[in-house]
Amino acid sequence: MFSIMQRNMGWIEVICGSMFSGKSEELIRRLRRAMIARQKVAIFKPRIDTRYSSDHIVSHSELKIPSKMVKDAWDILEQSLEAQVVGIDEAQFFSRDLVLICQKLANMGKRVIVAGLDQDYRGEPFDPIPQLLAVAEYITKTHAICVICGNPANYTQRKTADQARVVVGAADIYEARCRNCFEPPEDIKTEIKLAGKRRRGNKERLK
Ligand SMILES: [Zn+2]
C-alpha cells in the first residue's frame, strides 16, 4: 500500500513570532520527537547568538538541546548531509542565503525546521524570515503575552534607545507587547504621517 507521503520527500517548517513566544521551545519539542524516533537530527544556530550556552539551543525556559554554531548558512549545508531532520534556531541572524540552503535541503528529502523572529524591534519584517515563510510548506506563528495588558503579543519592544538592528539580550532589553501597547520608534511614526501627507498632496494636485 502506498503511503500518502511520498518517500524521501522533504519540506520546510517555519516557527516564528516575537521574543518570549516559545519559538525555541517549539523547535526543541519537534526535534526531540524526531530524535525519539531515531531519526538523524542536525541542529544549528548562528555564531552571533551567544546567550546562555554556546553548544546548545536553549529556550528562555531553559529547555536545552545540543547544537552546532555556524558562521553562515553554507556551513549548515556542509554539516547536514547525513541528517534526515535539520533544525535551525535564531534564523533571523542569517543572510538571505539561508532561503536557498533550506530549499536545497528540502529538495534533498530532508525535513527542515526553522525558528526565528519575524519582526525586528521596529516592527518591520526581519529578513530572511518573510522569504522563508513564502517558500515553507508549514508555518506556525507563536505568540507571547503582552506584559502591559495581557493580550496575545506579536511584537518585541526594545526597552533601550539603542538603534542597532541586532542587540543580543533577553528580558533585560526586550519585552513582548500586543499591537495596542507596542510603541514603534519615532521615525516610523513620522514615516506614516509623511506618507499620509504625500497622499493628501497628490489628491490636491489632481483636483
Ligand atoms: Zn498590550
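A residue is buried if 20 or more other C-beta atoms lie within 10 Å of its own, exposed if 12 or fewer, and partly exposed in between, with C-beta atoms placed from the backbone. The model is predicted, so local features need pLDDT of at least 70 and side-chain atom pairs count only at pLDDT 80 or more, while totals for chains, interfaces and linings use all residues. Residue numbers start from 1 along each chain as its sequence is written.

**Exercise 1.** Find how many residues of helix α5 are buried, then check its span.

*Solution.* Helices are DSSP runs of H or I with at least four residues, and strands are runs of E with at least two, numbered from the N terminus. Of the 21 residues in α5, zero are buried. Next, the expected span is 1.5 Å times one less than the number of residues. For α5 (residues 186–206) this gives 30 Å, and the end C-alpha atoms are 31 Å apart, which agrees.

**Exercise 2.** Decide whether Arg179 is buried or exposed, and list its contacts.

*Solution.* Arg179 sits in the loop between β12 (174–177) and α5. It counts as exposed because it has 12 C-beta neighbours inside 10 Å. Contact means C-beta atoms, placed from the backbone, within 7 Å. Leaving out residues up to four places away in sequence, Arg179 touches Asn154 and Tyr155.

**Exercise 3.** Work out which element gives the most to the largest nonpolar core.

*Solution.* Such a core joins buried Ala, Val, Leu, Ile, Met, Phe, Trp, Tyr and Cys residues through C-beta atoms within 7 Å. The largest has 43 residues, and Val112 is among those with the most contacts inside it. Helix α3 gives the most, with six residues.

How values were computed. Two residues are in contact if their C-beta atoms, placed from the backbone, lie within 7 Å.
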